[in-house]
Protein chains: 2
Amino acid sequence: MTVEPFREPNPALLADLTTLLGERVSTAAAVREQHGRDESYHQPFPPDVVVFPESTEEVAEVVRICAAHGAPIIPFGTGTSLEGHVAALSGGVCIDLMRLDKVLAVNVDDMDVTVQAGVTRKRLNDYIRDTGLFFPIDPGADASLGGMAATRASGTNAVRYGTMRENVLALTVVLADGRVIRTSRRARKSSAGYDLTRLFVGSEGTLGVITEVTLRLYGIPEAISSAVCPFPSLEDAVNTVIATIQMGVPVARIELLDDVTMSAVNRYAKFDYPERPTLFFEFHGTDKGVAEQAELVQHIAADFGGTEFLWATRPEDRSRLWQARHDALYASLALRPGAKAWTTDVCVPISRLTECISETKRDVAALPFPSAMVGHVGDGNFHTVLLIDPENAAEIELAKDIGDRIVERALAMDGTCSGEHGVGYGKMDFLPLEHGEAAIDVMRAVKKALDPDNLMNPGKMVRV
Amino acid sequence: MTVEPFREPNPALLADLTTLLGERVSTAAAVREQHGRDESYHQPFPPDVVVFPESTEEVAEVVRICAAHGAPIIPFGTGTSLEGHVAALSGGVCIDLMRLDKVLAVNVDDMDVTVQAGVTRKRLNDYIRDTGLFFPIDPGADASLGGMAATRASGTNAVRYGTMRENVLALTVVLADGRVIRTSRRARKSSAGYDLTRLFVGSEGTLGVITEVTLRLYGIPEAISSAVCPFPSLEDAVNTVIATIQMGVPVARIELLDDVTMSAVNRYAKFDYPERPTLFFEFHGTDKGVAEQAELVQHIAADFGGTEFLWATRPEDRSRLWQARHDALYASLALRPGAKAWTTDVCVPISRLTECISETKRDVAALPFPSAMVGHVGDGNFHTVLLIDPENAAEIELAKDIGDRIVERALAMDGTCSGEHGVGYGKMDFLPLEHGEAAIDVMRAVKKALDPDNLMNPGKMVRV
């Protein structure tokens, strides 16, 4: 994997940034290198300079300086994105937002919170623990909430609580000209104007820089119960999920691990699970409610050959039970030491999920490297983890071909090329296939209207 | 109330439309008059011509003809909007979408449905009854689903099921140049591109014409239970709501009627309710779940003096119990024969709701005409119904002043000027107060980018 050589930043730009931020401006090679890469296989591109503002006003001033010098602007949180979102494809200024780290307002009665963009989801949940409230969205990584909003993140409990789309109430955004807007009030609903909140959620820094996020919170459930159950086949597992959702069981998480992944976690963490397609469940509610959900789901699963339930209710037991799910990525990587994960991320209508996964498993069975599969199956979303040698061009080519085939299959099933990992520069070329040229023209028109000089994270999302 | 005189449509435009649609083009005075008015107090403006296309392709062709002649385009559903959305302020062509009346695809396993824009919510629910699924959003009127999407409608059970924002999965939209886009695939979630679905939901025909809507459906609950309970004060009622939601009780509806409205419904329908602030509840779930919700809510209400619960579970009994809520508008109108309802629609964070309602009730107590209040209090949304003489200019002026005060109060409490009635031309001037000029500039930039000639429902939402 190549890394682009460093460029020298424009001295006048650097001078203006230094006047504003002093030592919170860096051109150190290590800092630039770190800020040009995410956790994916995509080629990193270091920015020319990295700045560390501490307030919305400082971000706005940075944007104004960049606009004056025609320098690209790339927002950066924890660097845990997966489609090359933070790569400085044309150089420019990376705005590291992690020093915007304040929880600004917790409104317990309204069950909402306003944070600066650099607060991570775990820090938020630690901060509000005593209120009896929590923020549910869990993409795996302890990502910044600004980054999660910018990429429309979701994860394991979107099936119950929704994605960032449903859980962001309002944003503070610095526009391309340095002006600052608030996209919405704190009211739970509104029909007053275009939905700017949803326009910026998932816009990946291409329309503006998110500096504050107002989020919905939820009451910590009185009871939480977890379960694991293996199934005779993928189809049986997925049919259990479909029936569970149709029955209206408000399951909080419902995750599928395939036989390969179960075998991998057994080896990785000395588990002794049956090496069959397995569902991981989590139920939230009252004591009685959780008991009823558990009973219903066992009843449904039994119809599909799922009878070997393991249950846990105490926090430490639940953690142990879910450990296999949390270990899935590292366990899969351990299947092939030195391998890198090339992760696909399609999402289809749940009625097509069995077919989509089964055909995909037939595809990957023919590959010369191992692959594992995990799914947020309640949403129809699954990841194929291709374990490639990152130095082997032929394997990269094969992974790319398989990734393309998986996307084409999902699109043919009325699905999406990206369930939760976003577009960045990695998925950009799939968007016209998914949405059609006219819809891409609409996206491009919006981009041009809000960022006429194409300085906001250029080269991502849509080609201008 | 004045009505604008009819204009003669451009003969060349009329000829082109007639070539396309034959007798499905009307310039009859009664048809034009009906299509220029909604159910509000806002002045109607008849369009020059009304067309009745029967497919997306015909709508696209109509839009292309209008674009060629520079004629404004106003989409029309059931005409039940409340902020002058359908008024042809600059004349032009009204597109009546009610002949796009097909249910196109019911996907039971995926719990979604695709309908043409003219299908109403009641027709949809009749159509899908045998599937065990239903569509919950209920704005009161039997509105078209295209219109509900276009205005981001909600209503009594948004507290549990969300608004049209959360329940539209995808839209088919005719753009200003006549091209047709699909905003999203049917996958439950996606992070692939700007959220065009949410951009068009609530855009009120100003960015394009919605011709098809894909909606989330829900399982018809195994059990439904309804209850009514009076409270000593507004504050007690609202505090009961706050505690109910914080406890995570998944109440399906929770509606507040004030003392005036309770008195009005008693008179109107010979009820015998205590004339005090009263909450109307509906619970959805399993038998056990509904019983537990009911128990929890009674426990909470008792802490706030709410002890006189009336319960109903059989459908006819539930209908009877909720009749008072459904009658609220007509019962209020009957307080003053000949009066017209001037309805406000603010929504505030729920922690401010008691204060907002109490101050509003003090305001209206001084008025020379009666007013009633109903609230979707789970969302922080309430309506003050001012019963004015529509011929009395002084009363209209007073109502306008009070409406302005209510909006200003809601905005000062971080609320919105429009919880669910939209903007149209009635609320347009409040948007800069709510969102700030820079955010309005963003909306205007989006409008100009998608509708450069300002032909899509001009004069609504934002001034161009």
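**Exercise 1. Place strand 8 and strand 6 of chain A relative to strand 10, and state whether strand 10 is enclosed.**

*Solution.* The model is a predicted one.

Step 1. Begin with a single pair of residues: Val168(A) has Leu215(A), in strand 10 of chain A, as its bridge partner.

Step 2. Extend this pair to the strands. Strand 8 (residues 168-174) of chain A is joined to strand 10 of chain A by six bridges, in the antiparallel sense.

Step 3. Turn to strand 6 (residues 112-116) of chain A, which runs antiparallel to strand 10 of chain A and is joined to it by five bridges. Within strand 10 of chain A, Arg216(A) is the residue opposite Asp112(A).

Step 4. Consider burial, for which 20 or more other C-beta atoms must lie within 10 Å. Strand 10 (residues 209-216) of chain A has eight residues, seven of them buried, and it is therefore largely enclosed by the rest of the structure.

**Exercise 2. Describe the open four-stranded sheet of chain A and the helices that lie across it.**

*Solution.* Step 1. Establish the order. The four strands of this open sheet in chain A follow the order 1-2-4-3, and their pairing is mixed.

Step 2. Identify the edges. Strand 1 (25-26) and strand 3 (73-76) of chain A each have a single partner strand, so each has one side without a neighbour in the sheet.

Step 3. Examine one pairing. Four bridges link strand 3 of chain A to strand 4 (residues 93-96) of chain A in the parallel sense, and Pro75(A) stands opposite Ile95(A) of strand 4.

Step 4. Add the helices. Helix 1 (residues 11-21) of chain A lies across strand 1 and strand 2 (49-51), at about 20° to strand 2. Helix 3 (residues 56-69) of chain A lies across strand 2, strand 3 and strand 4, and runs at about 175° to strand 4.

**Exercise 3. Assess the overall dimensions of chain A.**

*Solution.* Step 1. Count the elements: chain A contains 17 helices and 19 strands.

Step 2. Compare the radius of gyration with the globule rule. The value for chain A is 22 Å and the rule gives 23 Å for 464 residues, so chain A is as compact as a globular protein of that length.

Step 3. Add the extents and burial. Along the principal axes, the C-alpha atoms of chain A fill a box of roughly 70 × 55 × 45 Å. Of the 464 residues in chain A, 59% are buried.

**Exercise 4. Characterise the relation between chains A and B, and the side of chain B that touches chain A.**

*Solution.* Step 1. Superpose the copies. A turn of 180° with a shift of 0.0 Å along the axis lays chain B on chain A with an RMSD of 0.0 Å. This is the relation of a two-fold axis.

Step 2. Count the contacts: 77 residues of chain B are in contact with 77 residues of chain A. Helix 17 of chain B gives the largest share of the side of chain B that touches chain A, namely nine residues. By class, that side has 30 nonpolar, 26 polar and 21 charged residues.

Step 3. Compare the two surfaces. Since 100% of the interface residues of chain B are also interface residues in chain A, the copies meet through the same surface.

Step 4. Take one residue as an example. Ala192(B) is in the loop between strand 9 and helix 8 of chain B. It counts as buried because it has 32 C-beta neighbours inside 10 Å. Beyond its neighbours within four places in sequence, the contacts of Ala192(B) include Thr416(A), Cys417(A) and Glu434(A).

Notes. Residues are numbered from 1 along each chain as its sequence is written. Chains are lettered from A and ligands numbered from 1 in the order in which they are written. This is a predicted model: local features need pLDDT of at least 70, side-chain atom pairs count only at pLDDT 80 or more; totals for chains, interfaces and linings use all residues. A residue is buried if 20 or more other C-beta atoms lie within 10 Å of its own, exposed if 12 or fewer, and partly exposed in between; C-beta atoms are placed from the backbone. Helices (H or I, at least four residues) and strands (E, at least two) are DSSP runs, numbered from the N terminus. Two strands pair if DSSP finds at least two bridges between them. The radius of gyration is taken over C-alpha atoms; the globule rule is 2.2 Å times the number of residues to the power 0.38. Two residues are in contact if their C-beta atoms, placed from the backbone, lie within 7 Å. Ala, Val, Leu, Ile, Met, Phe, Trp, Tyr, Cys and Pro count as nonpolar, Asp, Glu, Lys and Arg as charged, and the others, Gly among them, as polar. Copies are superposed by least squares on the C-alpha atoms of residues with pLDDT of at least 70 in both. Axes are lines fitted to C-alpha atoms, for helices over the stretch in contact, and angles run from 0 to 180 degrees between N-to-C directions.
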